[in-house]
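Subject: A structure for you to look through

Hi there,

Here is the structure I promised to pass on. Please open it beside this email and follow along as you read.

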Amino acid sequence: MTPETTALTVAIITAIIGPIITYYITNRKKTETSSYLDVDYGIKIISPRDELITADLVEVKGIYSRMPPHETLRIFTVSSDRTSYGERFWPQDTVREFNPETKTWRAKVHIGNLPSSGCGIIAAIISQPATVLWNYYYKVGPQIHWWDIEGWPSDSKVCDRVSIRRP
């Protein structure tokens with residue numbers, strides 16, 4: 001086989017196999033990362049809800065209609081103070097306490113450093129990349145004095161958001 005024939009054969013194989021592999025990888029990635037994010041789990045925060053909170057550590061209670069995948073329901077606090085990247089968020093708790101009989105869940109949030117107005121709590125289903133960001137945040141948080149995350153991860157889904165007020 002001449003070098004020209006070999007090059008032509010490789011080019012033809014690449015032209016045929018390349019798009020097939022690209023299609024497979026692209027569709028597999030979409031299925032793995034977005035399928036559970038597209039489901040409506042009926043997640044709502046029922047307490048606290050639009051109220052004045054004086055404690056620094058608060059129990060958040062909620063309901064759901066369908067159990068979310070393991071450790072994907074996360075609670076964040078949010079401040080309406082915006083940066084050029086968007087709102088400011090702080091990861092708080094992974095919801096691990098579910099009651100299947102009453103379809104309720106519970107978690108804890110620390111709201112001690114939030115401003116007196118314009119803040120809230122978010123319940124969200126997060127993606128695998130957002131989980132990596134969450135884990136990294138908890139590794140470096142003590143060293144960076146728990147800085148915020150600026151802007152919401154676009155591949156994660158806010159299920160409910162409630163306003164709270166601080167004294």
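Below is a short tour of what turned up. Please keep in mind that this is a predicted model.

**The sheet**

A good place to begin is the open sheet of six strands, whose pairing is mixed. Going across, the strands come in the order β2-β10-β8-β4-β5-β9. At the edges stand β2 (51–52) and β9 (149–150); each has a single partner strand, so one side of each is left without a neighbour in the sheet. For β2, two bridges make the link to β10 (residues 157–165), and these strands run parallel. If you want to find one of the contacts by eye, look for leucine 52, whose bridge partner in β10 is arginine 165.

**The helix and the cavity**

Next, find helix α2 (residues 128–140). This helix lies across β4 (73–83), β5 (86–94) and β9, and runs at about 80° to β5.

How many cavities of 30 Å³ or more does the structure hold? There is one, with about 40 Å³ of space in it. Its lining is made up of Phe76, Pro91, Ile126, Ala130, Leu133, Trp134, Ile149 and Pro153. What kinds of residue are these: nonpolar, polar or charged? Eight are nonpolar, with no polar and no charged residues among them. Helix α2 gives the most to this lining, with three residues.

**A pair of rings**

The structure holds eight aromatic pairs. One to try is the pair of tyrosine 64 and phenylalanine 98: the ring centres are 5.5 Å apart and the planes are at 85°, so the pair is edge-to-face. Tyrosine 64 sits in the loop between β3 (57–63) and β4, while phenylalanine 98 belongs to strand β6 (residues 97–99), so the pair ties together parts that are 34 residues apart in sequence.

**Some backbone details**

Two details lie in the loop between β1 (44–47) and β2, which holds proline 48 and aspartate 50. Serine 47 and proline 48 are joined by a cis peptide bond, with omega about -5°. Aspartate 50 has a positive phi of about 50°, although this residue is not a glycine.

Where else can you look for a positive phi in a residue other than glycine? Go to histidine 145, with phi near 60°, in the loop between α2 and β9.

Enjoy exploring, and write back with any questions!

Best wishes

Notes
Residues numbered from 1 in each chain as written. Predicted model: local features only at pLDDT ≥ 70, side-chain atom pairs only at ≥ 80, totals over all residues. Heavy atoms only, no water. 1 Å grid on protein atoms, 1.4 Å probe; cavity = no way out; pocket = protein on both sides within 12 Å on 5 of 7 lines; lining within 4 Å. Points joined across faces, edges and corners; volume = space filled by probe spheres on them. Helix = DSSP H or I, 4+ residues; strand = E, 2+ residues; numbered from the N terminus. Nonpolar A, V, L, I, M, F, W, Y, C, P; charged D, E, K, R; others polar. Pairing = 2+ DSSP bridges. Contact = heavy atoms within 4.5 Å. Axes fitted to C-alpha atoms, helices over the stretch in contact; angles between N-to-C directions. Phe/Tyr/Trp six-rings, centres within 6.5 Å; stacked < 30°, edge-to-face > 60°.
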